[in-house]
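Me: I am new to this structure and should like to understand the terms used to describe it. Please set each value against its definition.

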Amino acid sequence: MTRTPVVWGVHMGAHVAERPIEGGYVAIGWDRLGDVSKLPPDRDAIKKEMARVFPEKKAGAIPVDAGTIYKFLHAVQDGDYVVYPSKSDRLVNIGRFEGSYRYVEGDQDEYPNRRPVVWLGHFPRSDFSQSALHEIGSFLTLFQVKRHVGEFLAKVGGVELPGSSGVVAPMEDVEEGADDDAATVSVSRQAEETTGDFVIRRVMAELSGHEFEDFVAHLLECMGYTTRVTQKSGDGGVDVIAHMDALGFQPPIVKVQCKRTTSQTGRPDVDQLLGTLGDGEYGLFVNLGSYSRSAVELERNRAKLRLIDGDEFVTVFLENYGSLSPRYRSMIPLKQIYVPDLSA
């Protein structure tokens, strides 16, 4: 009997950047365990080894982590699909498992336990419903996607799998004793991600490209700058000019390019902005998505260049929300809530 493929969700740290996409894999950590394929194919045995190697780990976290390792080794199979929401660029990456587990000793990201993946597509978070984004915001490292299988597979031309017709499935089972703090951190993180998704959706839906330039200029004014939006044509890649003095004669002068997109901005666009800079001038590029690796590397090597991506745009927006004009606050209505900060 042919097994129906399963759709899995995987989380990896933001520090892995684009390496899993370029290398064609997803991975889990616990590098101190070494090659986890040498562990017995038994959850209890994995728990015991986990407790031995990580004596500092909370008892409630051990069954969760052991379950993740067991599923990664023995439940995931060739032909299964994987959804990987990347923290570094706000993209949802969808692929298919092809190939067996392999251990990469000395992995620079401390994610040595890998499974090969053929990536089928990479999509902005705004392409998916908020409910689907909630599901892949699970606090588990590896989990089964159940409620929105059809929505994810439709993006890569996949057929809807049996049982994925929209019926709400039970939440991913977590063994008794799961770490409550980890679950609380997940809830806090999901609240932040939901807010960010809401802000970006509203900006995309309510503002045209030119209106986004006005919005960025207003946001800079809330931060203490004096701004001027350039003419709509012939701006040479500069949409807003910002400065600290009223007349704009005193350096530094900031030239801003605004790109209302949730996709990835490449180096050529950033180079265009750099080409407009003169003495005492700085470049600021603002988008709602992410930047290519070459663009990010360029920023690191140019002291006069600053790139603001979707995540940082949301951060700046929230920090200055109280100073925004009523027009923008009514366009993006928010209220303050408090969530646990277990990183303190």
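**Cavities, a pocket and two helices**

Reply: The largest cavity has a volume of about 60 Å³. Please bear in mind throughout that this is a predicted model.

Me: What makes a space a cavity rather than a pocket?

Reply: A space is called a cavity because a 1.4 Å probe fits inside but cannot get out, whereas a pocket is an open set of points. The structure holds two cavities of 30 Å³ or more.

Me: Which residues line the largest cavity?

Reply: The lining is formed by Arg90, Pro124, Arg125, Ser126, Asp197, Ile200, Arg201, Thr262, Leu288 and Gly289. By class, three of the lining residues are nonpolar, three polar and four charged. Helix α6 gives the most to this lining, with three residues.

Me: Why is Arg90, one of the residues of that lining, called buried?

Reply: The relative accessible area of Arg90 is 12%. Buried means under 20%, therefore Arg90 counts as buried. Arg90 is placed in the loop between β3 (81-85) and β4 (91-97). Its phi is near 60°, a positive value in a residue other than glycine.

Me: What is the volume of the largest pocket, and which residues are the closest to its centre?

Reply: The largest pocket encloses about 1000 Å³ of space. Of the 29 residues that line the largest pocket, Ala191, Glu192, Glu193, Thr195 and Leu318 are the closest to its centre. Both α6 (180-206) and α10 (310-319) supply at least two residues of the lining, and α6 gives the most, with seven residues. The lining divides into 13 nonpolar, eight polar and eight charged residues.

Me: How do you know whether α8 and α9 are roughly parallel or roughly antiparallel?

Reply: The axes of α8 (residues 267-274) and α9 (residues 293-301) come within 8 Å and cross at roughly 30°. Angles under 35 degrees count as roughly parallel, so α8 is roughly parallel to α9.

Me: Which residues of α8 and α9 meet?

Reply: From α8, Arg267, Val270, Asp271 and Leu274 meet Ser294, Ala295 and Leu298 of α9. This contact has four nonpolar, one polar and two charged residues.

Me: Why is Ala17 called partly exposed?

Reply: The relative accessibility of Ala17 is 25%. Buried requires a value under 20% and exposed a value over 50%, so Ala17 counts as partly exposed. Ala17 is found in the loop between β1 (7-10) and α1 (19-23). Although Ala17 is not a glycine, it has a positive phi of about 55°.

Me: Is Glu18, in the loop between β1 and α1, buried or exposed?

Reply: Glu18 has a relative accessibility of 17%. The limit for buried is under 20%, so Glu18 counts as buried. Leaving aside residues up to four places away in sequence, Glu18 touches Gln264, Tyr291, Ser292 and Arg293.

Me: How many residues does the chain have, and what share of them count as buried?

Reply: The chain has 344 residues, and 47% of them count as buried. There are eleven helices and 14 strands in the chain. Among contacts between residues at least 6 apart in sequence, 64% join residues at least 24 apart.

Key. Residues are numbered from 1 along each chain as its sequence is written. This is a predicted model: local features need pLDDT of at least 70, side-chain atom pairs count only at pLDDT 80 or more; totals for chains, interfaces and linings use all residues. Side-chain values use heavy atoms; hydrogens and water are left out. On a 1 Å grid over the protein atoms alone, a cavity is a set of points where a 1.4 Å probe fits but cannot get out, and a pocket is an open set with protein on both sides within 12 Å along at least five of seven lines; lining residues have an atom within 4 Å of a point. Grid points are joined across faces, edges and corners, and a volume is the space filled by probe spheres set on the points. Helices (H or I, at least four residues) and strands (E, at least two) are DSSP runs, numbered from the N terminus. Ala, Val, Leu, Ile, Met, Phe, Trp, Tyr, Cys and Pro count as nonpolar, Asp, Glu, Lys and Arg as charged, and the others, Gly among them, as polar. Axes are lines fitted to C-alpha atoms, for helices over the stretch in contact, and angles run from 0 to 180 degrees between N-to-C directions. Angles under 35 degrees count as roughly parallel, over 145 as roughly antiparallel, 65 to 115 as roughly perpendicular and the rest as oblique. Contact means heavy atoms within 4.5 Å. Buried means under 20% relative accessible area, exposed over 50%, partly exposed in between (1.4 Å probe, protein chains only).
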